Structures are given as structure tokens and as C-alpha cells.
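Me: Please take a close look at the largest pocket, and at how the two chains meet.

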There are 2 protein chains.
Amino acid sequence: MKFAVTITLKKDVLDPQGKVVGQTLKNIGIGNLNSIRQGKFFEIDLDESDSTKGEAKVREMCEKLLANQIIEDFQIKKI
Amino acid sequence: MKFAVTITLKKDVLDPQGKVVGQTLKNIGIGNLNSIRQGKFFEIDLDESDSTKGEAKVREMCEKLLANQIIEDFQIKKI
């Protein structure tokens, strides 16, 4: 069973990496950009057939290791 | 108009960062893991009302800057 996890900075947390990417996009002539924010993405393949249990496992991974919940939010999606 | 872009390593490209994360998850006692692969995520807010034009713009960003198409695939989704 596969899950996709996206981890993004909370709305009020500064994203210097995203700022640099946004500035670079402007420099190479791609305009129309209001904002760009960067995050992390994980594709997790679990040996688990129950989707509720699987999601709980992935949530545990996020809480214990993948995301820093002080500054980041995470989203789990079955794929 | 907002777009979500996920950039992942192509299937046959080694992902050392993902390997480390997978090993760490095992070390802290979270098993059942077949594989985990890490990628990048971008949330892009465009000043554009036409969704076809917007997606073309985002595709241009991916091709010119965000993704290295030799080793990476990208996926664009309107959000």
C-alpha cells in the first residue's frame, strides 16, 4: 500500500529557499508569479493491507521523524 | 491560481536520502516499510486566470529550473 506525504512549512514561517527559487524564476524571465513555497515529498510503500492501519503508521512516521511539527504541516494521501 | 508540483527521482535513480530515512525509521522501531523515496514539493501561486495558460507556465518553470529532467520526473496539479 502506497502513501504520498507532503510536508510544507506553516503559513507564517519564512521560506528562504522558496524566495530564492522565486527570485531566480523572475531573473530568467518567468513572471506572473505571486509566490512559491518549497516543501518535501515522500512516497512511502508499506507492507500493510489495512488502509486505516497504514495511514496511522505513516502518521507516526511523520510525527516521529519526517516532519518538524513546530514549523511544518504534513498531509497524507493514499495513492 | 495555485498549483502543486511534486518532483520525484526517476524509478531507476538511486535515492540515498530516502535510504537513510528508511533506515532511521527502522532504527526507531517503525517496521512494515517496503520502501520510501524522497522528492521535492512546490506550491506555486500564479497571477493568471486561465488554467491552461497557468499550467503551461508552471511546466516551463519545471523544465527550465525546478526539475532536472535527466534524473527527475515532475507532476503538476491545480489546487
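Reply: What follows treats the pocket, then the interface and the cysteines.

This is a predicted model in which local features need pLDDT of at least 70 and side-chain atom pairs count only at pLDDT 80 or more, while totals for chains, interfaces and linings use all residues. Residues are numbered from 1 along each chain as its sequence is written, chains are lettered from A in the order in which they are written, and side-chain values use heavy atoms, with hydrogens and water left out.

The largest pocket (on a 1 Å grid over the protein atoms alone, an open set of points where a 1.4 Å probe fits, with protein on both sides within 12 Å along at least five of seven lines) has a volume of about 580 Å³, taken as the space filled by probe spheres set on the points. Its lining, meaning residues with an atom within 4 Å of a point, comprises 24 residues, of which A:Thr6, A:Lys77, B:Thr6, B:Phe41 and B:Lys77 lie nearest the centre. Two or more lining residues come from each of β1 (2-9), β2 (33-46) and β3 (72-78) in chain A, and from β1 (2-9), β2 (33-46) and β3 (72-78) in chain B, strands being DSSP runs of E with at least two residues.

Between the chains, 32 residues of chain B are in contact (heavy atoms within 4.5 Å) with 32 residues of chain A. B:Ile30, B:Asn32 and B:Phe41 supply 20% of the area that chain B buries against chain A, more than any other three residues, where buried area is the accessible area (1.4 Å probe) lost on putting two parts together, summed over both.

A:Cys62 is buried (under 20% relative accessible area, 1.4 Å probe, protein chains only) at 0%, and B:Cys62 is likewise buried at 0%.

Definitions and conventions
Helices (H or I, at least four residues) and strands (E, at least two) are DSSP runs, numbered from the N terminus. Buried means under 20% relative accessible area, exposed over 50%, partly exposed in between (1.4 Å probe, protein chains only).
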